[in-house]
Amino acid sequence: MMERDVEVVAVKGRLIRVQFRRQSSCDSCSSNEQCGSGQLSKAVNRRLDVLDMHCDQAVAVGDFVRVGITEQSLVRGTLILYLLPLLCLIAAAVLASQLTASLALSELWVLPALVGGGYGGFRWAGYLAGRLVAEPKLIKVLSRERDRMELAVTGG
């Protein structure tokens, strides 16, 4: 299971919104200070992402929680989001090329088919990913554990 610590920024009933910063492989590399890719990753990767998820535990805004997603779900989502639009784009190009050849049309009709196939593939991939990829699960609330540990150390 892939795990990540995130901050809760909103709570509405059983739905929580968590905020996190994207990570890249450059974050763990020892030479990221001298590498151009590492510097570019730091400059571009400043945006915070948010995720809405269901939560059965009591959490408050500002709490840090650990969420996780299975590797199988992550691989499934990656395949859907990367391969499906590409396959739709290729299928649209082949179909448009065959139609333009059989109807004696200009090859310029292939370009709108490429755009339409790629767009349709992205829309379909988003729909399928929402239905087939498992939602991340809340593993544990970290803030309250830290508070309990501090109380135990101070004797409170």
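Start by selecting Arg-14 and Asp-56: both of them are exposed. You're looking at a predicted model, and in it the side chains of these two residues meet in a salt bridge, 2.6 Å from N to O. The pair ties together distant parts of the chain, 42 residues apart: Arg-14 sits in the loop between E1 and strand E2 (15-21), while Asp-56 sits in the loop between strand E3 (48-54) and E4.

**More salt bridges**

How many salt bridges does a search of the whole structure find? Three. For another one, pick Asp-52 and Arg-17, whose closest N and O atoms are 2.7 Å apart. Here strand E3, home of Asp-52, is linked to strand E2, home of Arg-17, across 35 residues. Asp-52 has a relative accessible area of 36%, so it counts as partly exposed. Arg-17, at 35%, is partly exposed too.

Now hop to Asp-5 and Arg-66, which form a salt bridge of 2.7 Å, N to O. This pair also joins distant parts of the chain, with Asp-5 in strand E1 (residues 2-12) and Arg-66 in strand E4, 61 residues apart. Asp-5 is partly exposed because its relative accessibility is 38%; for Arg-66 the value is 21%, so this residue is partly exposed as well.

**Zoom out**

Switch to a cartoon view and trace the chain: there are four helices and five strands, running in the order β-β-α-β-β-α-α-β-α. Of the 156 residues, 24% count as buried. Take contacts between residues at least 6 apart in sequence, and 76% of them join residues at least 24 apart.

**Along helix H2**

Next, select residues 71-102, which make up helix H2. Its 32 residues, at 1.5 Å each, should span 46 Å, and the end C-alpha atoms are indeed 46 Å apart, so the two agree. Look for a bend of about 30° at Leu-83; a proline, Pro-85, follows within four residues.

Which way do the buried residues of H2 pack? They go against strand E4 (64-69) and helix H3 (110-132). Among them, try Ser-73, Gly-77, Leu-84, Cys-88 and Ala-96.

Then colour Val-75, Leu-79, Tyr-82, Leu-86 and Ile-90, which are among the residues forming a nonpolar patch on the surface, with about 940 Å² of accessible area for the whole patch. Click on Ile-90, which lies in H2: is this residue buried or partly exposed? Partly exposed, because its relative accessibility is 43%.

Finish just past the helix at Ala-104, which follows H2 and has a positive phi, near 55°.

Conventions: Residues are numbered from 1 along each chain as its sequence is written. This is a predicted model: local features need pLDDT of at least 70, side-chain atom pairs count only at pLDDT 80 or more; totals for chains, interfaces and linings use all residues. Side-chain values use heavy atoms; hydrogens and water are left out. Helices (H or I, at least four residues) and strands (E, at least two) are DSSP runs, numbered from the N terminus. The expected span of a helix is 1.5 Å times one less than its number of residues. The bend at a residue is the angle between axes fitted to the seven residues ending there and the seven starting there. Buried means under 20% relative accessible area, exposed over 50%, partly exposed in between (1.4 Å probe, protein chains only). Contact means heavy atoms within 4.5 Å. Patches are made of residues with over 30% relative accessible area and no salt bridge: like charges are joined within 9 Å, nonpolar side chains (Val, Leu, Ile, Met, Phe, Trp, Tyr) within 5 Å. Accessible areas come from the Shrake-Rupley method with a 1.4 Å probe; for residues, only the protein chains shown count as cover. A salt bridge is a side-chain nitrogen of Lys or Arg within 4 Å of a carboxyl oxygen of Asp or Glu.
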